[in-house]
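Here are my notes on this one, written as numbered points so you can follow along with the viewer open. Have a look at the fold first, then come back to the list.

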Amino acid sequence: PRSMAAEQYRVAAARLQLLNMTGASMVVAVTSAIKGEGKTTTVINLGYTLSRDFGKRVLVLDCDFVYPEVKAFLESPVRYGLIDCLRSDIPVQQAMSAFTDVPCWIMPAGEAVADSNELLRAGQLGRVLSQLREEFDYILMNAPPILPVATMNVLESHCDFLLLVVRANLTSKQAVKQAIGALRADKPIHVILNGVASNSLPSYMLDYAVGEKQVAV
């Protein structure tokens, strides 16, 4: 909690709250241009930080049906997931599990089916999100990368903001430009630069890093 990385997640969480001018429930799609940029790690840490440090009720919603990795962070298994809620009238509460120490829940993707994207297009996601907006301050979608699959083109019409994770020294500028150009909805896009080496950070950030320093009391 006192590391430089944790502090940067607090900065990101604080900025996200500043964007929420009305205080209404917010749906944020966290995506990337390609696989391997750290979007799943980002969405989990951002959701946990919003809950722990800001007291918000948060749901991390796994919408990546190809690589549904959010389930690895579940503290207790759940029988259902998002796919099940889309296909039937299963209560959303039965498809999620909370962390024990903070008001942050995870809804896994569930078992993917051939028509997963069709379920999203059919308006079922809108129905599920309407229910979730009544229960949570923030719904953070773990969206698939933009370039390999078309799912993000469906998800973007359901979210309020887009968070694009870009991995330093990995993602090419061309890939980022191509990914942004592939999005169609007129939604604000905000960027998290992930995986920056500490020796590349500005000196003022290193000077203020808490780390393991002793604090006088």
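Which residues of S2 lie on one side, which on the other, and are they buried or exposed? Keep that in mind for the first point; and remember throughout that this is a predicted model.

1. Start with strand S2, residues 58-62. Val-58, Val-60 and Asp-62 sit on one side, Leu-59 and Leu-61 on the other, and all are buried, so both faces of the strand are covered. In a regular strand, side chains alternate between the two faces of the sheet. The tally agrees: 5 of the 5 residues in S2 count as buried.

2. Now for the neighbours of S2. Strand S4 (residues 104-107) pairs with S2 in the parallel sense, over 4 bridges. If you want a landmark there, Leu-59 has Trp-105 of S4 as its bridge partner. Strand S5 (residues 138-142) also runs parallel to S2, and 5 bridges join the two. Here a handy pair to click on is Asp-62 and its bridge partner in S5, Asn-142.

3. Next, the helices. H1 (residues 4-19) packs with H2 (residues 39-54) at an angle of about 75 degrees, and their axes are 9 Å apart. That angle falls in the 65 to 115 range, which means H1 is roughly perpendicular to H2. On the H1 side the contact includes Tyr-9, Arg-10, Leu-16 and Gln-17. On the H2 side, Leu-46, Leu-50, Asp-53 and Phe-54 are among the residues involved. Sorted by class, the contact of H1 with H2 has 8 nonpolar, 5 polar and 3 charged residues.

4. Arg-10 deserves a closer look. Side chains of opposite charge can pair when their charged atoms come close. Arg-10 forms a salt bridge with Glu-7, where the closest N and O atoms are 3.0 Å apart. Because these two are 3 residues apart in helix H1, about one helical turn separates them. Arg-10 is buried, at a relative accessible area of 17%, whereas Glu-7 is partly exposed at 37%.

5. Arg-10 also reaches across to the other helix. Its side chain meets that of Asp-53 in a salt bridge (3.7 Å, N to O). Asp-53 lies in helix H2 and Arg-10 in helix H1, so this pair ties together parts that are 43 residues apart in sequence. Asp-53 itself counts as partly exposed, at 32% relative accessibility.

6. What else does Asp-53 pair with? There is a salt bridge to Arg-52, with the closest N and O atoms 2.9 Å apart. Arg-52 is partly exposed, with a relative accessible area of 31%. Put the pieces together and you get a network of salt bridges linking Glu-7, Arg-10, Arg-52 and Asp-53. For the whole model, the count comes to 5 salt bridges.

7. Last stop: Asn-194, found in strand S7 (residues 189-194). Is Asn-194 buried or exposed? Its relative accessible area is 18%, under the 20% cut-off, so Asn-194 counts as buried. Leaving aside neighbours within four places in sequence, Asn-194 is in contact with Glu-37, Gly-38, Thr-42, Val-165, Val-166, Arg-167 and Ala-168. Thr-42 is a name to recognise, as one of the H2 residues in the contact with H1.

How values were computed:
Residues numbered from 1 in each chain as written. Predicted model: local features only at pLDDT ≥ 70, side-chain atom pairs only at ≥ 80, totals over all residues. Heavy atoms only, no water. Axes fitted to C-alpha atoms, helices over the stretch in contact; angles between N-to-C directions. Parallel < 35°, antiparallel > 145°, perpendicular 65-115°, else oblique. Contact = heavy atoms within 4.5 Å. Nonpolar A, V, L, I, M, F, W, Y, C, P; charged D, E, K, R; others polar. Salt bridge = Lys/Arg side-chain N within 4 Å of Asp/Glu carboxyl O. Buried < 20%, exposed > 50% of the residue type's maximum accessible area, 1.4 Å probe, protein only. Pairing = 2+ DSSP bridges.
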